[in-house]
Amino acid sequence: MKRAFRVAIVCLAAVVLCGLSTAQINFTQSAINSGDTATNAIANGDFNNDGILDLVTVNTGTLSFYKGLGGGKFANPANQTLPAYRGQIVVADFNRDGKLDLAIATSCCSVPGGVNIYLGNGDGTFTQGISISGNGSNAVSLALADFNGDHLPDLAVSFFSATTEILVGNGDGTFRKTAALSEGGYQVVAGDFNADGRQDVAMISGNNVAVFLGNGNGTFKGPLLASLSNVSFLAVGDFFNDRIQSLAALVTIYDGSGDYESDLYTLRYSGGMLLVGNKYVISAQTGDPYLELVGGDVNGDFKDDLFLIGGNFQGSAVSAYMLGNGNGTFQAPVPTLHWADLQYFPFIRDLNLDSRHDVGIAWTSIFENIGGEETLLNTNAKPNCAPPKANALSVHVCAPANGQVVGKTFTFKAAGNAWNGVAKRMELWIDGKKIGQNLEDQLNVTATLSRGAHTASFVTVDSFDEHVSGSVSFTSSY
């Protein structure tokens with residue numbers, strides 16, 4: 001086993017804009033070797049309940065736990081042996097014991113069972129729980145949500161057999177199947193695409209993107225299909241800035257001579273249909289394609305952006321961010337520093353509680369025969385409100401202060417955090433009336449107020465629709 005190492009590089013990315021003037025995003029990059037020969041997936045969570053986010057990676061034959069040290073720094077990994085997994089990892093408290101657990105997709109090869117559950121011991125180690133067979137087909141992708149309204153984590157599992165199963169959690173680390181969907185075989189994601197308060201699923205399925213609208217009880221309506229070939233990855237976000245989740249689809253086309261073209265499309269639900277937006281060419285005729293992407297607000301303007309990663313087996317990786325314009329379009333990709341040759345499963349989350357969203361990535365260096373975790377700490381996005389610690393579903397109110405006197409127009413600011421899943425939505429209520437919301441862990445809402453005393457309630461909602469609120473009293477005087 002190779003000796004673990006760490007690198008740290010300060011990145012000042014050059015910017016190419018698409019007709020708009022926007023400040024560049026700066027990142028501080030670091031990477032830690034897992035000690036194994038390759039790393040296939042990464043996830044985050046507070047696995048030891050100290051309020052600081054940790055990381056886990058799935059490697060060739062091990063699971064690595066990187067204890068969070070605070071400030072976006074992580075310890076060298078503690079490893080435990082696993083079978084030879086190759087797939088995605090998701091995190092939730094599946095057995096309600098107050099310790100985060102793992103679901104791991106086998107994805108390929110000779111590993112028996114489609115999904116394996118590992119129950120957390122509360123210290124960064126895990127004990128194997130149940131295995132979910134998937135009728136003999138290997139799982140290629142996982143999505144977490146509450147599909148039946150009981151606030152427990154459920155799974156959507158896309159299987160190699162081109163089907164997707166909905167597995168509703170029983171709250172004890174076991175699951176029961178409530179739906180078998182007719183599309184799948186590739187990536188699956190979850191979101192509320194028609195804004196009815198029920199979780200839906202979307203997946204890549206052959207030459208289509210399919211959306212199944214949820215009924216709220218673990219079952220789904222028939223598929224809405226959009227014809228789109230060569231989709232390599234989907235991202236979920238509020239890309240139209242309308243407080244409704246939509247999709248970004250990354251298309252990767254190989255020309256047969258060693259070059260690739262990477263294109264981007266947005267998809268949204270409207271009028272009973274899944275609508276595909278215009279094609280956006282990200283990069284053309286390059287040997288280093290973009291292959292995966294994730295949505296989130298990286299520059300702090302409350303418009304969802306994209307972070308893209310890619311690479312190939314010739315020993316070169318690529319990564320970039322694309323700032324969202326809030327209307328389903330994006331600015332030109334801005335390259336960032338990257339690590340190693342191949343990268344997988346990027347995520348966006350505030351890792352150091354500075355009110356800026358950072359990036360985590362799994363990586364593999366095929367020529368050096370190593371893998372590990374990479375983080376890009378965001379150093380100059382516009383801050384809003386520092387979030388609370390990650391060991392509870394909680395809210396931190398930054399403005400107004402309790403008892404503050406404000407004017408007729410005021411901007412309310414707060415931040416939330418979640419231990420089980422993520423803080424997926426924040427809401428502002430004034431005197432019992434919902435005034436606004438943001439589909440992320442930060443809230444920034446400007447409201448016009450009537451004169452007199454008021455109460456503002458700030459609500460944080462997690463991945464499974466559990467919620468918590470914090471209230472302040474204030475007076476509007478003008």
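**Entry 1: strand β31 and its partners**

Which residue stands opposite D358 in β31? I looked this up first and found that R349 stands opposite D358.

Before going on I noted that this is a predicted model, in which local features need pLDDT of at least 70 and side-chain atom pairs count only at pLDDT 80 or more, while totals for chains, interfaces and linings use all residues. Residues are numbered from 1 along each chain as its sequence is written, and side-chain values use heavy atoms, with hydrogens and water left out.

I also wrote down what the words stand for: helices (H or I, at least four residues) and strands (E, at least two) are DSSP runs numbered from the N terminus, and two strands pair if DSSP finds at least two bridges between them. Strands of a sheet pair through backbone hydrogen bonds, either parallel or antiparallel.

On one side, strand β30 (residues 342-349) is joined to β31 by six bridges, and the two run antiparallel. I then followed β31 to strand β32 (residues 370-378), where seven bridges join the antiparallel pair, and where L376 is the bridge partner of V359. The hairpin of β31 and β32 has four residues between the strands, and in this hairpin N369 takes a positive phi near 60°.

Is β31 mostly covered or uncovered? I found strand β31, residues 358-365, mostly covered, since eight of its eight residues are buried, where buried means under 20% relative accessible area, exposed over 50%, and partly exposed in between (1.4 Å probe, protein chains only). In a regular strand the side chains alternate between the two faces of the sheet. I therefore listed the two faces of β31 separately: D358, G360, A362 and T364 are buried on one side, and V359, I361, W363 and S365 are buried on the other.

**Entry 2: N44, reached from R349**

Going back to R349, I asked which side chain makes a polar contact with the side chain of R349. N44 does, at 2.8 Å; a polar contact is a pair of N or O atoms within 3.5 Å, of which, within protein, one must be able to donate a hydrogen and the other to accept it, and residues adjacent in sequence count only if both atoms are side-chain atoms. N44 lies in strand β3 (residues 39-45), and N44 counts as buried because its relative accessibility is 14%. Leaving aside neighbours within four places in sequence, I found N44 in contact (heavy atoms within 4.5 Å) with L53, D54, L55, V91, F347 and R349.

**Entry 3: an open sheet**

I next traced four strands that form an open sheet in the order β13-β14-β15-β16, with antiparallel pairing. Why is one side of β13 and of β16 left without a neighbour in the sheet? β13 (139-145) and β16 (175-181) stand at the edges and each has a single partner strand, so one side of each stays without a neighbour there. Neighbouring strands of this sheet are turned by 25° against each other on average, direction ignored; the axes behind such angles are lines fitted to C-alpha atoms, for helices over the stretch in contact, and angles run from 0 to 180 degrees between N-to-C directions. At the β16 edge, six bridges join strand β15 (residues 163-169) to β16, and K177 is the bridge partner of L167.

**Entry 4: the disulfide**

How many disulfides does a search of the whole structure find? The search finds one, counting as a disulfide a pair of cysteine sulfur atoms within 2.5 Å. C385 and C398 form this link, with their sulfur atoms 2.0 Å apart, and the link is right-handed, with 80° about the S-S bond. C385 lies in the loop between β32 and β33 (394-399) and C398 in strand β33, so the pair ties together parts that are 13 residues apart in sequence. I noted that C385 is buried, with a relative accessible area of 2%, whereas C398 is partly exposed, with 36%.

**Entry 5: F126**

Last, I looked up F126 in strand β12 (residues 126-132), which counts as buried because its relative accessibility is 7%. Not counting residues up to four places away in sequence, F126 touches ten residues' worth of names in my list, including F47, V56, L63, L100 and L102.
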